[in-house]
Amino acid sequence: MSISDPVADMLTKIRNGIMASHDTVDVPSSRLRINIAKILKSEGFIKNYKVTSDKGQGLIKIFLKYDEHGEPVIAGLRRVSKPSCRIYAKNDKIPLVQNGYGINIVSTSKGVMTDRQARKLKVGGEILCAIW
C-alpha cells in the first residue's frame, strides 16, 4: 500500500488510538517520524516511543499518555502543511497554537524542531503539524 502523506498517516493513527483509548499505536518507521515522536516525548505528549526493526521498514511503537482521570494528554492534532499545499513560515511569523498551549512541529534546515526552538535559533521552515 502506498502512502501519499506519511506524517498525516502517523497523526491519524495517534488520533485513532487516543479515541479508542489504546495504550500503544504502531507506525511505520522513517527518520522524519522518529524525529516527530522524539519531539512528542520531549514535550510530554506521549509516554515513550520504541523503534523496532524487522526485515522491512521497521516500526515505531508509540506509548500514548493519559492523565490520572483517563483523559488523553493530546487534546488535538492537525496536519498544517499538506503535500498539495505546503505552508512555510519565517521564524517571526510562525503562529502560536492555542495561544501558546500547544506546539507546531517545524521542519527547518537545522532539522525537525518545535516552533519555540525555531524562534530561538531564528530559523523558519515548513510547518508540519500542530499539537495541543
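In what order do the elements of the chain run from the N terminus on? They run α-β-α-β-β-β-β-β-β-α-β, and the secondary structure comes to 3 helices and 8 strands, where helices (H or I, at least four residues) and strands (E, at least two) are DSSP runs numbered from the N terminus. This is a predicted model, in which local features need pLDDT of at least 70 and side-chain atom pairs count only at pLDDT 80 or more, while totals for chains, interfaces and linings use all residues. Residues are numbered from 1 along each chain as its sequence is written, and side-chain values use heavy atoms, with hydrogens and water left out.

The chain as a whole comes first. For 132 residues, a compact globule would have a radius of gyration near 14 Å, and the chain agrees with that at 15 Å; the radius is taken over C-alpha atoms, and the globule rule is 2.2 Å times the number of residues to the power 0.38. Along its principal axes, the C-alpha trace spans about 40 × 35 × 25 Å. Of the 132 residues, 39% count as buried, a word that here means under 20% relative accessible area, with exposed meaning over 50% and partly exposed in between (1.4 Å probe, protein chains only). If one takes the contacts between residues at least 6 apart in sequence, 61% of them join residues at least 24 apart, a contact being heavy atoms within 4.5 Å.

The surface and the charges can be described in a similar way. About 7800 Å² of the chain is accessible surface, and 50% of this belongs to carbon and sulfur atoms; the areas come from the Shrake-Rupley method with a 1.4 Å probe, and for residues only the protein chains shown count as cover. There are 22 positive and 12 negative side chains, and the centres of the two sets lie 7 Å apart. In this count Lys and Arg are positive and Asp and Glu negative, with His and the chain ends not counted, and the place of each charge is taken as NZ of Lys, CZ of Arg, CG of Asp or CD of Glu.

From the whole chain one can turn to single residues, beginning with Ser29, which lies in the loop between strand S1 (24-28) and H2. Ser29 is buried, with a relative accessible area of 9%, and, leaving aside neighbours within four places in sequence, Ser29 is in contact with Ile34, Val51, Gln57, Gly58, Leu59 and Ile60. Helix H2 itself covers residues 31-42 and holds Lys38, a residue that is partly exposed at a relative accessible area of 44%.

Lys38 also leads on to strand S2, for Lys38 and Lys50 are 12 residues apart in sequence and 10.0 Å apart in space, C-alpha to C-alpha. Lys50 is found in S2 (residues 46-52) and counts as partly exposed at 49% relative accessibility. Not counting residues up to four places away in sequence, Lys50 touches Leu59, Ile60, Lys61 and Phe63, and both Leu59 and Ile60 appear among the contacts of Ser29 as well.

Further along the chain, the loop between strand S5 (88-89) and strand S6 (103-108) holds Gln98, and Asn91 has its place in the loop between S5 and S6 too. Gln98 is partly exposed, with a relative accessible area of 45%, and its phi is near 50 degrees, a positive value in a residue other than glycine. Asn91, by contrast, is buried at 18%, and its contacts, apart from neighbours within four places in sequence, are Ala118, Arg119, Lys122, Val123 and Gly124. One of these, Lys122, sits in the loop between helix H3 (115-121) and strand S8 (125-131); Lys122 counts as exposed at 65% relative accessibility, and its phi, near 55 degrees, is likewise positive in a residue other than glycine.

The cysteines remain. Which cysteine sulfur is closest to that of Cys85? The closest is in Cys129, and because the two sulfurs are 16 Å apart, they are too far from each other for a bond. The structure holds 0 disulfides, a disulfide being a pair of cysteine sulfur atoms within 2.5 Å. Cys85 is partly exposed, with a relative accessible area of 42%, whereas Cys129 counts as buried at 0% relative accessibility.
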